Amino acid sequence: MLFLIINLTGFVGNVLVVLTMYKSRRLRTTSDIYIFALAVADLMWSTCVMPMTTVTLLTGKWNFSEAVCEFQASIDYLVLYSSPVTMGLAAFNRYMRIVKSNHYHKVFSLKKSRMFLAVSWLLLAMYIIIVRSTTWQRFEFSPDYALCSVIFSTRKSALIHYCITIPVCFVIPCFIIMFSYLHVYKAMRQHNRSVSPSFHNRTKQARLAIQEIRISRALFFVTAVFVVCWLPTWVIAPVKRLRPTLKLHRSWKLVPVYLPFLGSAINPFIYAGNNPTFRFEFKRLFWSSWNCNFKRFIRLKPEAMELT
């Protein structure tokens, strides 16, 4: 039941984030596009991975076809690989915007940011497809994780796979994240010391700086949640793969599944809690939709009365 609640919370929250950012022009900046990409990844997780796992845990068995298993595993690994890479790009974006602002527009623009995301996601998807088409691995249901996972043909193929994916999709992004946010934190502290509250309220440049700091804070919190929730996945799963004889309690085996589920449900609250612009645009979208439906109801009501 807990998995079902997390699944529904993650689905509803990320749908609202994606719709709000898609509808609002104010949330289509080069910085917000990375939040949008992370919300899309979480939405893919909550629609293509979580439901099957939740049903499996509730019924105690895999109730779906082999094609569904292949689909679930493919999306699972795409989200697993693309999320840290996207967060690394987002962290570097914040570093350039806050610390190296003079060079920011040379490196990042809306078009370039979209290209960075599209190329990185496409390359990761191609890696999953190419490796899956070889005899190195296959996708099968894993009772330990209550989802479809990769099964390696040999220990050597597993070792090669993790030697590629762990550095590229976890270690390097984590290094970029730590380097970027450390310098962003230093710049934010220097900014808070040098600018008075009255100056904050009077100048457009200072208000822009406050907005950029809020975006940085939101992305930092999302990254922190990601590290806490996904680190066990990047540790427990490879260790278990390389040492099949290692015995773990059932609850420890489900930790790499439960924590990412939880993280995808928490992220929408982080976006809304740290970004007043997002909250304003969400309220505007909600009230405009409600007013539109209300006016349609008022229009239809006299017609219904005439028919009676």
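**Notes on a predicted model**

1. Let's start with a cross-link: R132 and E70 join their side chains in a salt bridge, 2.7 Å from N to O (a side-chain nitrogen of Lys or Arg within 4 Å of a carboxyl oxygen of Asp or Glu). R132 sits in helix α6 and E70 in helix α4, so this pair ties together parts 62 residues apart in sequence. Helices here are DSSP runs of H or I with at least four residues, strands are runs of E with at least two, and both are numbered from the N terminus. Searching the whole structure turns up two salt bridges.

2. A word on the ground rules: this is a predicted model, where local features need pLDDT of at least 70, side-chain atom pairs count only at pLDDT 80 or more, and totals for chains, interfaces and linings use all residues. Residues are numbered from 1 along each chain as its sequence is written, and side-chain values use heavy atoms, with hydrogens and water left out.

3. Next, the cysteines. C69 and C148 are joined by a disulfide, S to S 2.0 Å (cysteine sulfur atoms within 2.5 Å), and the count by this rule is one. C69 belongs to helix α4 (residues 66-98) and C148 to strand β2 (residues 147-152), so the pair ties together parts 79 residues apart in sequence. The torsion about their S-S bond is about -125 degrees, so the disulfide is left-handed.

4. Finally, have a look at helix α6, which spans residues 110-133 and includes L122. On the surface, L122 joins M115, V119, L123, M126 and I130 in a nonpolar patch with about 570 Å² of accessible area together. Patch members have over 30% relative accessible area and no salt bridge; nonpolar side chains (Val, Leu, Ile, Met, Phe, Trp, Tyr) are joined within 5 Å, like charges within 9 Å. Areas come from the Shrake-Rupley method with a 1.4 Å probe, and for residues only the protein chains shown count as cover.
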